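The report that follows walks through one protein chain, its helices and its sheets. Please keep the sequence and the structure at hand while reading.

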Amino acid sequence: MSSLPVALPLRGLVVFPGMIRIMPVGRPTSIRAIERHIDEGVPLVLLPQVDTDEDDPLHAQVAKVGVLGRILRLTRLPDSTMRVLVEGIERVGRVGELDRAMGSLVVAIERLEPVVREPALVGAMAQELADLYQDHTQAAGLQPHEHWAVAPSPDDPERLADQVLAATEASLEDRIAALEDPVLDNRVERAIAHLARQVARHRIASDVNARVQRAMDDSQREYHLKEQLKAIRTELGEASGAEADAAAFEDRIRQSGMPKEVEEESLREVARLRRVHTDSAEYTIIRTWLEAVCDVPWQHATSDTTSIKKAQKVLDRDHHGLDFVKERLLEYLAVRQLAPDSKGPILCFVGPPGVGKTSLGMSIAKALGRNFGRIALGGVKDETEIRGHRRTYVGALPGRILRALIRSKSKNPVLVLDEIDKVGNDFRGDPASALLEVLDPEQNSQFVDHYLDVPVDLSQVLFIATANLMDPIPPALFDRLEIIEIPGYTEEEKVTISRKHLLPKLAKNHGLGNGEISVETGAIQRTIRDYTREAGLRELERQLARLNRKVARRVVEEGVRKVRILSEQLPRYLGPPKYFQELAELEPRPGVVIGLAWTAAGGDILFVEAARMPGKATLKLTGSLGEVMKESAEAALSWLRAHGQDYGIGVDAFDAEFHLHVPAGAIPKDGPSAGVTMVTALASLVSDSPVRDGLAMTGEITLRGKVLPVGGIKEKALAARRAGVRTMLLPTHNRNDLQDIPEELQADLEFVFVDRIDQVLEAAIGLAPRPRTTRAAAASASRRVPGPAGRPHRRSGGT
């Protein structure tokens, strides 16, 4: 037993062959084992202890494989322990268990030879392991040869694998497993896997550390710069950023003249601003709110023009005609001079596109000497667009009303609410309802925007709304508006506007001056008739602009100095005519009548065509007709069937299928004003009487035979004149609307007023009711005719 090698169990440590380590030795059996090794030359076996918590090495679990060791240096310490420098020599296998002899532990051993299954693969893996290990040691700043007698290389895969596992601090279990594994292939592969994990872990740690370091460097740099800036400001006697902002806002608040309650709220926000750090998000929110509340023109107002003649001169210079609108504005100006504190009206200009509603608002601002702002409401569906967002939301802003007031830089601007009839609504709210407070003179002096959340006085603002139609405007909002209808322009008005406004502006825009282009009046009139079909001026302006472009090209290419455009030359510049006189190609025939319609684009004519065919007594309607128009057609047929005998039309004439069609089927049509047109078309068909040439009509009917008034008389008259109509049938109650029709238009049209359907039929197709006695005899004759034996019999139905 005494000749057996002494055993030195190691707790938490594995010594590989070729490895040199300094380690403390304190257990008595371990000290005795070292002494015997030095004094007697007994071989020393270094065995890793698996259970590191066991203090008694005799009862501890040790590895099956150990390393023969050699003590290079020994130092005895005052506490009777040792510190030794030991070197591993070679792997040996443990045979049996540990035993005690002569005060030390002894163990039987056997030599172990490494097993290499695939030498070529082991060499390749060793080279890969060496390269990976070198990169890792350089990146991590390790000293790979610190504990090794000889620097390992790829030529010695066994030493290289042991060094990698020892130097990269693999777990105790992994190192013991590598020590016990006899197969070199496995040990090298285990070392590569472990080193790969270490490299990946080190890269992640390096990236994290680099980011942290950069952030720390940036923060420290920013901190130092701010401290330096603070010191510089202190030396210069300036306040810090937050204090300077707070002081500036406080001065603006006290000088703005805002109401007392708004001023108190604003000063509270200034006090909060002083307490909040400049880098926080709340600082930006408070500062943005203070900027908005200080930008509101609380007391700044422009002075209205005192000269009514000057204001009228400005309106006449910018717009031709529109006398009623100009008169209303001059009345408002006169009231303002007598009562400066009076509240502004809420005007609403209603008319077809292109008649100058928006530009009229700009002219009103010039005439009054006020600032101008425009708010486009077309397609707005979110209530917050009007009232603003709560400032707790990210990116919150005041509503459009308040933003327009801030941009105008005065408390009494002219604000145009454009396309108010096209405001929508959805799940986000109803903007039209939000406008109720804005457009109510009794409420808008305390308008509260959600963003500012303080009352703002809008009573001095002159609001002007524009719309193409009145029907889409909600009733509550419509009740707050003073409606001013702006009809379409007559041909004479368009010619005058072209001469005074359009042609000079277009010539300037196209670089034509000094009379380089001249358009005769006949050419303008033909452009209006043959190349445009509108109530406004936009298409006319586009066609005149096209003339200017053609002339500009001739001036550049041909060098001409002056071009005069005549009526017969228009096809050369504008191409063939686009529109024709509809009535020129219309042949009078029963069942075809011309009606008049009023749309958002102005007035227009429409044809109503009736046809009768064998079949059941039904009425078929086509042409994209709305519900109201369908009901008018049914009422027309019912009245005619009820009163047909009065006109000598037998009941058998209605035992057929009737078809009413309104051409241009792709365009939706609706409204009650086609009632007289439909009853005339049906009466003309069943009586086989064509309608009077050059006649158009409009009016609503009832089953009692009454003709009720309709709207848009001027627009319809303009459309009739454009189409070549010479006579218009109008309801008697629309007689007062003639005062809105220009004299030149009245001179070209004959107006026939009717209040009953029988008057319509007599004026349109010459069909007058028979005297009562004649009507009774006709009715009796239609019911009874002589039979073959001279006796009367009931006639069967038929056509």
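When two helices are compared here, angles under 35 degrees count as roughly parallel, over 145 as roughly antiparallel, 65 to 115 as roughly perpendicular and the rest as oblique. Axes are lines fitted to C-alpha atoms, for helices over the stretch in contact, and angles run from 0 to 180 degrees between N-to-C directions. The model is predicted, so local features need pLDDT of at least 70 and side-chain atom pairs count only at pLDDT 80 or more, while totals for chains, interfaces and linings use all residues. Residues are numbered from 1 along each chain as its sequence is written, and side-chain values use heavy atoms, with hydrogens and water left out.

## The chain as a whole

The chain has 25 helices and 26 strands; helices (H or I, at least four residues) and strands (E, at least two) are DSSP runs, numbered from the N terminus. Its radius of gyration is 52 Å, whereas a compact globule of 799 residues would have one near 28 Å. This radius is taken over C-alpha atoms, and the globule rule is 2.2 Å times the number of residues to the power 0.38. Along the principal axes, the C-alpha atoms fill a box of roughly 160 × 95 × 65 Å.

## A hairpin and a parallel sheet

Two strands pair if DSSP finds at least two bridges between them. Strand β5 (residues 82–101) pairs with strand β6 (residues 104–111) in the antiparallel sense over seven bridges, and Ala101 stands opposite Ser104 in β6. Two residues lie between β5 and β6 in this hairpin, and Met102 in the turn has a positive phi of about 55°.

Further along the chain, an open sheet of five strands has the order β8-β9-β12-β7-β13, with parallel pairing. The edges are taken by β8 (372–376) and β13 (482–485), each of which has a single partner strand, so one side of each is left without a neighbour in the sheet. From one strand to the next, the twist averages 25°. The pairing of β8 with strand β9 (residues 414–418) is parallel and runs over five bridges, with Leu415 in β9 as the bridge partner of Gly373.

Helix α10 lies across β7 (346–350), β12 (462–467) and β13, and runs at about 145° to β13. Helix α10 also packs against helix α9, and the two are roughly antiparallel to each other. In this contact (heavy atoms within 4.5 Å), Ile308, Ala311, Gln312, Leu315 and Asp316 of α9 meet Lys326, Leu329, Leu330, Leu333, Ala334 and Gln337 of α10. By class, the contact of α9 with α10 has seven nonpolar, two polar and two charged residues. Here Ala, Val, Leu, Ile, Met, Phe, Trp, Tyr, Cys and Pro count as nonpolar, Asp, Glu, Lys and Arg as charged, and the others, Gly among them, as polar.

## The mixed sheet and its helices

A second open sheet is formed by seven strands in the order β18-β19-β17-β16-β20-β23-β24, and its pairing is mixed. Its edge strands are β18 (619–622) and β24 (750–754), each pairing on one side only. Strand β23 (residues 727–731) pairs with β24 in the parallel sense over five bridges, and Leu729 stands opposite Val752 in β24.

Helix α21 packs on this sheet, touching β16 (592–599), β17 (602–613), β19 (657–661) and β20 (695–697), and its direction makes about 30° with that of β17. Helix α22 (residues 713–723) also packs on the sheet, where it touches β16, β17 and β23 at about 70° to the direction of β17.

Helix α21 has helix partners as well, and α20 and α21 are oblique to each other. Their contact is made by residues including Trp639 and Leu640 of α20 and Met678 and Leu682 of α21, and the residues divide into 11 nonpolar, two polar and no charged. Helices α21 and α24 are likewise oblique to each other; among the residues that meet are Val676 and Ala683 in α21 and Ile757 and Val760 in α24. That contact divides into eight nonpolar, three polar and no charged residues.

The helix pairs are set out below.

| Helix pair | Angle between axes | Distance between axes |
|---|---|---|
| α9 (residues 308–318) and α10 (residues 323–338) | about 155° | 10 Å |
| α20 (residues 627–643) and α21 | roughly 40° | within 8 Å |
| α21 and α24 (residues 757–765) | about 60° | 10 Å |
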